[in-house]
Protein chains: 2
Amino acid sequence: MQYDPNSPIWLQVMTAIKTDIVTGRRPPGEKLPGGRELAVLYTINPNTAARVYQELEREGLCESRRGMGTYVTGDEERIAQVRGTMARQAAARFANEMEKLGIGRQEAARMILEEEKE
Amino acid sequence: MQYDPNSPIWLQVMTAIKTDIVTGRRPPGEKLPGGRELAVLYTINPNTAARVYQELEREGLCESRRGMGTYVTGDEERIAQVRGTMARQAAARFANEMEKLGIGRQEAARMILEEEKE
DNA sequence: CTTAGTGCACTATGCACATAGTACACTAAA
DNA sequence: TTTAGTGTACTATGTGCATAGTGCACTAAG
């Protein structure tokens with residue numbers, strides 16, 4: 001994984017796993033990799049990995065049990081709620097950025113539809 | 001101005017001024033506030049303010065002249081180019097985020113058009 | 001020449017992040 | 001009971017960001 005130096009690594013890894021959860025790639029109740037294993041998977045420090053799970057737990061997306069591991073929450077309503085929030089926030093941020101650039105919603109939407117994939 | 005603690009302040013202030021330049025709120029050739037004055041305007045440290053101008057100069061959006069101050073570049077082509085890049089990058093980032101959430105371009109564009117303003 | 005404003009280059013401190021390493025408590029399985 | 005895997009809690013180090021403060025070189029205006 002490629003990391004942006006202008007943003008904390010724990011936040012970037014957290015967002016990646018968060019996305020896996022809300023899209024169902026990591027289903028409710030599933031066991032997540034152990035802290036030490038996560039560190040290897042994402043080439044980060046075990047302490048940073050622990051931070052990732054702490055923050056995910058704080059958002060109600062997973063539960064850590066000492067000696068057993070960390071699991072995706074079974075609260076599907078919460079997961080759906082977070083997914084909606086993520087989408088709405090992304091849209092709001094984009095609309096805001098474009099507005100600051102003096103580009104209206106019509107034009108912004110058009111750019112999304114016609115955008116080239118690189 | 002409100003600062004996001006998960007991103008460097010110099011980058012946030014830089015983006016703000018960059019936006020002012022590409023939208024014409026700060027026209028080509030205009031004198032920008034002095035480093036010490038900028039620090040007061042944005043409630044940041046003079047060193048951080050200096051960093052902002054250094055980075056803006058590195059992007060070819062302003063020119064600093066010792067003893068005279070910092071000025072918006074007169075290269076209007078460069079300004080237009082940066083504006084286009086900012087818009088395209090914002091669109092690409094948004095489309096990518098939505099794709100990761102399993103939301104297609106049609107739906108993403110619809111959200112932009114129908115998004116509520118808060 | 002003097003002065004004010006400027007860019008620019010330093011030193012120093014505090015903090016968060018990321019790293020490395022160690023240790024302990026707990027759980028499940030052999 | 002022993003063992004492996006786990007979450008959790010420490011200490012310690014290095015780095016970048018942001019802060020504070022000082023000083024110097026340069027420019028334009030008085």
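This briefing describes how two protein chains meet each other and two DNA strands.

The model is predicted, and every value below is computed from it. Chain B touches chain A through 35 residues, and 35 residues of chain A take part in return. DNA strand D is surrounded by 23 residues, with representatives of both chains among the closest, and DNA strand C likewise has 23 residues around it.

**Interface between chain A and chain B**

- The area buried between the two chains is about 2800 Å², and carbon and sulfur atoms supply 65% of that area; on the side of chain B, the residues that lose the most area to chain A are B:Leu101, B:Arg105 and B:Ile112, which together account for 24% of what that side buries.
- The count of salt bridges between chain B and chain A is 2, and one pairing, between the side chains of A:Glu97 and B:Arg93, has an N to O distance of 3.6 Å.
- Between the two chains, 5 residue pairs are in polar contact, with both residues at pLDDT 80 or more; the elements of chain B that give two or more residues to the side touching chain A are helix 1 (9–22), helix 4 (76–100) and helix 5 (105–114).
- Helix 4 of chain B gives the most to this side, with 14 residues, and by class the side of chain B that touches chain A has 19 nonpolar, 6 polar and 10 charged residues.

**Strand pair in chain B**

- Strand 1 (residues 62–65) and strand 2 (residues 69–72) of chain B run antiparallel and are joined by 4 bridges, and B:Cys62 has B:Val72 as its bridge partner in strand 2.
- These two strands of chain B form a hairpin with 3 residues between them, and B:Gly67 in the turn has a positive phi of about 85°.

**Surroundings of DNA strand D**

- The closest residues to DNA strand D are A:Gly35, A:Arg36, B:Pro8, B:Ile9 and B:Trp10, and sugar and phosphate make up 61% of the atoms of this strand that come within 4 Å of the protein.
- A base nitrogen of DNA strand D lies 3.1 Å from a backbone N or O atom of A:Gly67, whereas phosphate oxygens of the strand are approached by side-chain N or O atoms of A:Thr70, at 3.0 Å, and of B:Thr48, at 2.9 Å.
- Two or more residues of the surface near DNA strand D come from each of helix 2 (35–41), strand 1 (62–65) and strand 2 (69–72) of chain A, and from helix 1 and helix 3 (46–58) of chain B.
- Helix 3 of chain B gives the largest share of that surface, 3 residues, and the surface as a whole has 5 nonpolar, 11 polar and 7 charged residues.

**Surroundings of DNA strand C**

- The residues that come nearest to DNA strand C are A:Pro8, A:Ile9, A:Trp10, B:Gly35 and B:Arg36, and 59% of the atoms of this strand within 4 Å of the protein belong to sugar and phosphate.
- Bases of DNA strand C are met from both chains, with a side-chain N or O atom of A:Asn47 at 3.0 Å from a base nitrogen and a polar side-chain atom of B:Arg36 at 2.9 Å from a base oxygen.
- A polar side-chain atom of A:Arg66 lies 3.3 Å from a sugar or linking oxygen of DNA strand C.
- Helix 3 of chain A gives the largest share of the surface near DNA strand C, 3 residues, and the residues of this surface divide into 5 nonpolar, 11 polar and 7 charged.

Definitions and conventions
Residues numbered from 1 in each chain as written. Chains lettered and ligands numbered in written order. Predicted model: local features only at pLDDT ≥ 70, side-chain atom pairs only at ≥ 80, totals over all residues. Heavy atoms only, no water. Contact = heavy atoms within 4.5 Å. Buried area = accessible area lost by both parts, 1.4 Å probe. Salt bridge = Lys/Arg side-chain N within 4 Å of Asp/Glu carboxyl O. Polar contact = N/O pair within 3.5 Å; in protein donor to acceptor, adjacent residues only side chain to side chain. Nonpolar A, V, L, I, M, F, W, Y, C, P; charged D, E, K, R; others polar. Pairing = 2+ DSSP bridges. Near = heavy atom within 4 Å.
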